[in-house]
Amino acid sequence: MYKGLYWMLEAVRENRNVGLKEFAGSEPTLYERLAHDPEVEKIFQDAMQELSVQVNADMVKAVDLRGIKHLVDVGGGDGTNIMAIAQQWPNLRATVFDSPTVCDIARKNIAGSGMADRLGAVAGECFKDPFPPDADCLLFAHFFTIWGEERDRELLRKCYASLPAGGKVMIFNMMQHDDESGPMSAALGSPYFLTLATGTGMLYTWSEYERWMEEAGFRDIKRHALPHDHGLIVGTKP
Ligand SMILES: C[S@@+](CC[C@H](N)C(=O)[O-])C[C@H]1O[C@@H](n2cnc3c(N)ncnc32)[C@H](O)[C@@H]1O
């Protein structure tokens with residue numbers, strides 16, 4: 001991250017992820033370029049896991065998955081989040097939906113979890129490929145911060161079209177206060193998405209996500225404030 005973020009001033013001036021040139025490849029996002037370098041991709045996933053284990057215990061406590069049969073974790077990374085959720089919900093099936101190289105990492109972790117009979121990983125690109133079938137809950141953990149508003153709204157429309165009635169969409173990541181006054185982590189995190197990851201993402205406010213969910217057709221939208229500046233927003237398809 002440090003080498004990429006060195007280019008923050010240029011990224012602000014040009015409004016694109018100038019820092020990505022520190023990573024080999026020609027793809028437009030950091031995540032695609034990481035696939036060229038298994039060692040760095042593993043370091044990235046280990047770092048994400050560090051963050052996720054610190055915060056996902058609170059998310060697992062906040063979430064109500066009664067009646068949910070199959071949760072798909074879009075951009076689910078190394079499987080840390082589905083393993084934590086599956087421990088809490090013993091009848092739930094859960095699947096990571098991520099790039100082929102990341103799914104390989106997730107499968108190794110799942111194999112050692114003792115829950116391989118109900119957890120899995122399916123390779124795919126979330127904007128182009130259909131979500132894995134039968135999902136009645138779609139989780140986006142540290143994922144909506146990556147993309148610009150139009151792409152996030154597109155994803156929510158796709159979720160609405162894919163889910164059955166009663167299905168849920170969940171957004172879990174750091175949240176910005178509605179009046180945009182903080183927290184400090186929003187100011188520190190947003191430059192990473194602009195300068196390096198995609199050139200379009202940021203830490204959005206709670207109410208932005210809620211408005212986008214509502215526009216996509218979701219109802220009964222609930223917010224759960226969590227420690228470490230995190231939050232969970234859950235919407236239900238009527
Ligand atoms: C910031 S990490 C979050 C990982 C995990 N959800 C967590 O909370 O620890 C973003 C993940 O999204 C994946 N990803 C990025 N673009 C994607 C796309 N277009 N389709 C599916 N997965 C994608 C990356 O490979 C990476 O594992």
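A residue is taken as buried when its relative accessible area is under 20%. By this criterion Phe143 is buried, because its relative accessible area is 8%. The structure described here is a predicted model.

The protein contains nine helices and seven strands. Its C-alpha trace extends over about 50 × 40 × 30 Å along the principal axes. The radius of gyration is 17 Å, which agrees with the value near 18 Å that a compact globule of 238 residues would have. Buried residues account for 52% of the 238 residues. Of the contacts between residues at least 6 apart in sequence, 69% join residues at least 24 apart. The accessible surface amounts to about 11,300 Å², and carbon and sulfur atoms contribute 55% of it. The protein carries 24 positive and 34 negative charges, and the mean positions of these two sets are 4 Å apart.

The search for aromatic pairs across the whole structure returned 14. One of these is formed by Phe140 and Phe143, whose ring centres are 5.9 Å apart. The pair is classed as tilted, because the angle of 40 degrees between the planes falls neither under 30 degrees, as for stacked rings, nor over 60, as for edge-to-face rings. Phe140, like Phe143, is buried: the relative accessibility is 0% for Phe140 and 8% for Phe143. Both residues belong to one aromatic cluster, whose members also include Phe97, Phe127, Phe131, Phe144, Trp147, Tyr204, Tyr209 and Trp212.

Several members of this cluster also touch Asn173. This residue is located in strand S5, which covers residues 168-174. Asn173 counts as buried because its relative accessible area is 1%, against a limit of 20%. With residues up to four places away in sequence left aside, the contacts of Asn173 include the cluster members Phe143, Phe144 and Tyr209. Asn173 further touches His142, Thr145, Asp229, His230 and Gly231.

Thr145 is also touched by Leu203. Leu203 is placed in the loop between helix H8 (184-197) and helix H9 (206-216). Although it lies in a loop, Leu203 is buried, with a relative accessibility of 2%. Its contacts, again without residues up to four places away in sequence, include Ser185, Ala186, Gly189, Ser190 and Phe193, and these five positions fall within the range of helix H8. Met174 and Gln176 are likewise touched by Leu203, and Met174 falls within the range of strand S5. Between Leu203 and Ile68, which are 135 residues apart in sequence, the C-alpha to C-alpha distance is 28 Å.

Methods
Residues are numbered from 1 along each chain as its sequence is written. This is a predicted model: local features need pLDDT of at least 70, side-chain atom pairs count only at pLDDT 80 or more; totals for chains, interfaces and linings use all residues. Side-chain values use heavy atoms; hydrogens and water are left out. Helices (H or I, at least four residues) and strands (E, at least two) are DSSP runs, numbered from the N terminus. The radius of gyration is taken over C-alpha atoms; the globule rule is 2.2 Å times the number of residues to the power 0.38. Buried means under 20% relative accessible area, exposed over 50%, partly exposed in between (1.4 Å probe, protein chains only). Contact means heavy atoms within 4.5 Å. Accessible areas come from the Shrake-Rupley method with a 1.4 Å probe; for residues, only the protein chains shown count as cover. Lys and Arg count as positive and Asp and Glu as negative; His and the chain ends are not counted. The place of a charge is taken as NZ of Lys, CZ of Arg, CG of Asp or CD of Glu. Rings of Phe, Tyr and Trp (its six-membered ring) pair if their centres lie within 6.5 Å; planes under 30 degrees apart count as stacked, over 60 as edge-to-face and the rest as tilted.
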